Amino acid sequence: MSVESARKWVIVSSLMITGALFVFFLVAPTLGFPLEFSQAIRLLQIALPVFFGYLGSASRFIFKTGPTVIMQEAGIKNSLFGLLVKGPVIVFIVANAAAFFSFAYSNRAAAEPGTGMDVDTLATIITVALSLLAVTTNAAVSFLFDAGDKPAEST
Amino acid sequence: MQRSGELLAGVVVFAFLIICFTPITFGQERKNLNGQNIQLQNPTTVSRARQDYSRLVAAQKRERMDFAIEDCDFLGSRTYKCIAQSKISRRSGGGISSISREGGIRYYVAPFPLLIPQEIPSDPHRGEPVFDWAPISEAFNGTHVLENWKQLLRAGNFFNCNDAGCTVLVRGLGENEQIAACSIDVINNQMGAPSGCLTLAIIAPQETWVRVVAGFETGGQANMGRPDFDISINFQNRPIAGSVISAALAASQQGLANPPFSLSTTLAARSVLGVAAYRVSPILPSSRELVTLRVDVSFDGKTTDLPIPKLGLAISSTLYVNRQNTQRPEDWHLPSPQQEQSYLSQFKATLKRSIQSICRTSTWTDDSTLMCESR
């Protein structure tokens, strides 16, 4: 995986996850998902800042002024680089999808009383999934966007 | 790289299958209310308790200048002191504000009696108990009683059960630890919502306040809840009280037991009660509910053998809702004003339909008055 494609992956996935979380948490309570609006906003507050951080790093990287440095576009030779960039984001998406499904399923009308997942458990799962990003993707983002490289202007 | 991707995909599919086909239990069913936190309808704060106590002390200080303190009893125990042959009138918010020589009504001085309100037996000659806040040091055996309450709270079991229901101690949600005593109805092993909760103790880091028995007072019904709405039935043919009371109660019971409410019901001499616990609310379908609905029948007259011109129904409700299917105490909260209004409107409409069935001909003259020719 090249550095440029890794950057694109981080930016695109962050944008898509941010958009999806926004839409989900704002729309789900009105469509019968067992969350109150205040709870949905609380979960949004937990999940979004990490992706805002990635997008912020990318923005600073794109728009920063100063001498440009020709970067190593050839890519990183380590075969684990791609896995480390893509894997945690995929795991985050899958873990969240599973948590939301499980939350909705256990809180459905036909479920046995008292067996539902509570909001704090859902928040914990989201936090754990985010912590995976914090220990992996954060390092990659730091390398990709803050290492001093800036893509050469294509003039 | 490709093998790693396949491995990751395999793990994801495996996890998804486990989640889909494993019976999910995030909570455990409760058989009592141990550790239950309840959002109290009338929460109390330390500052309010302090204010109430200051008023009580000021009133008693004035009284002590004129009247003697003497030994008196509390539920058979003569270890208390009180101001005898005096009357202390209650201010609107509860408690004591002024004193005048009248009657034989007892008002205690410190150390005050301390007892769970539901455990004080009703006695029309003695009057209704009046409660006020005092520091725990001003309560008789305060520390010991509070420790007992804490044990009851931890156990969460129902106690003091009788025809009117049981009592349970719960933890009130608030800025400080609060212990409250609630009444709870149990019908056919179906628990209703804790109702009539009264805070017994506020435990702050530096101070502990307890609700003590300040005295007994006749002429009022202390701690009686306000009904949510009333229905009046005016009879055109003056039927015998006993027969229409039975008919009205049976009709109310039908209203509670039949859809949409479908509550477990029980009938008493002058009231009917319906409860449901932890079910999907038929009225607020996005929420689960813990509910007790009660209809009390009253009439002007001493016996049920005589004809009566009218009958009154007082309807009260206690409702807790939860958006999730959990039994965590903090998830159960009072409904919003809009939810409560919607619930009561539906209940009123259902009850009005049911009550009409006791009449041969009937007309609603306004929203809560029925002109009825009884069967």
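**Close-up 1. Strands S6 and S7 of chain B make a hairpin, with two residues between them.** Everything in these views comes from a predicted model. S6(B) covers residues 159–162, and its two bridges to S7(B) link strands that run antiparallel. Asn162(B) has Gly165(B) in S7(B) as its bridge partner.

**Close-up 2. Strand S7 of chain B carries on into a hairpin with S8(B), this time through four residues.** The pair is antiparallel and held by seven bridges, with S8(B) taking up residues 177–184. Look for Gly172(B), which sits opposite Gln178(B) of S8(B). S7(B) itself, residues 165–172, is mostly covered: seven of its eight residues count as buried.

**Close-up 3. Seven strands of chain B line up as an open, mixed sheet.** Reading across, the order is S14-S15-S16-S17-S13-S19-S18. The edges belong to S14(B) (264–267) and S18(B) (359–366); each has a single partner strand, so one side of each has no neighbour in the sheet. From one strand to the next, the twist averages 20°. As a reminder, strands of a sheet pair through backbone hydrogen bonds, either parallel or antiparallel.

**Close-up 4. Strands S13 and S19 of chain B run parallel within that sheet, and helix H4(B) packs on the sheet.** Four bridges join S13(B), residues 229–235, to S19(B), residues 369–374. One place to zoom in is Ile233(B), whose bridge partner in S19(B) is Leu370(B). Helix H4(B), residues 241–257, touches S13, S14, S15, S16, S17 and S19 of chain B. Its direction makes about 5° with that of S15(B), the strand at 271–280.

**Close-up 5. Stepping back to chain B as a whole, there are five helices and 19 strands to find.** Of its 375 residues, 36% count as buried. Among the chain B contacts with a separation of 6 or more, 64% are between residues 24 or more positions apart.

**Close-up 6. Over in chain A, helix H3 (residues 80–106) has a bend of about 30° at Lys86(A).** A proline, Pro88(A), follows within four residues of the bend. How far apart are the end C-alpha atoms of this helix? They are 37 Å apart, which agrees with the 39 Å that its 27 residues should span at 1.5 Å a residue. Buried positions in H3(A) include Val85(A), Lys86(A) and Pro88(A) around the bend, and further along Phe92(A), Asn96(A), Phe103(A) and Ser106(A).

Note on methods
Residues numbered from 1 in each chain as written. Chains lettered and ligands numbered in written order. Predicted model: local features only at pLDDT ≥ 70, side-chain atom pairs only at ≥ 80, totals over all residues. Pairing = 2+ DSSP bridges. Axes fitted to C-alpha atoms, helices over the stretch in contact; angles between N-to-C directions. Contact = placed C-beta atoms within 7 Å. Buried ≥ 20, exposed ≤ 12 C-beta atoms within 10 Å, placed from the backbone. Expected span 1.5 Å × (residues − 1). Bend = angle between axes of the 7 residues up to and from the residue.
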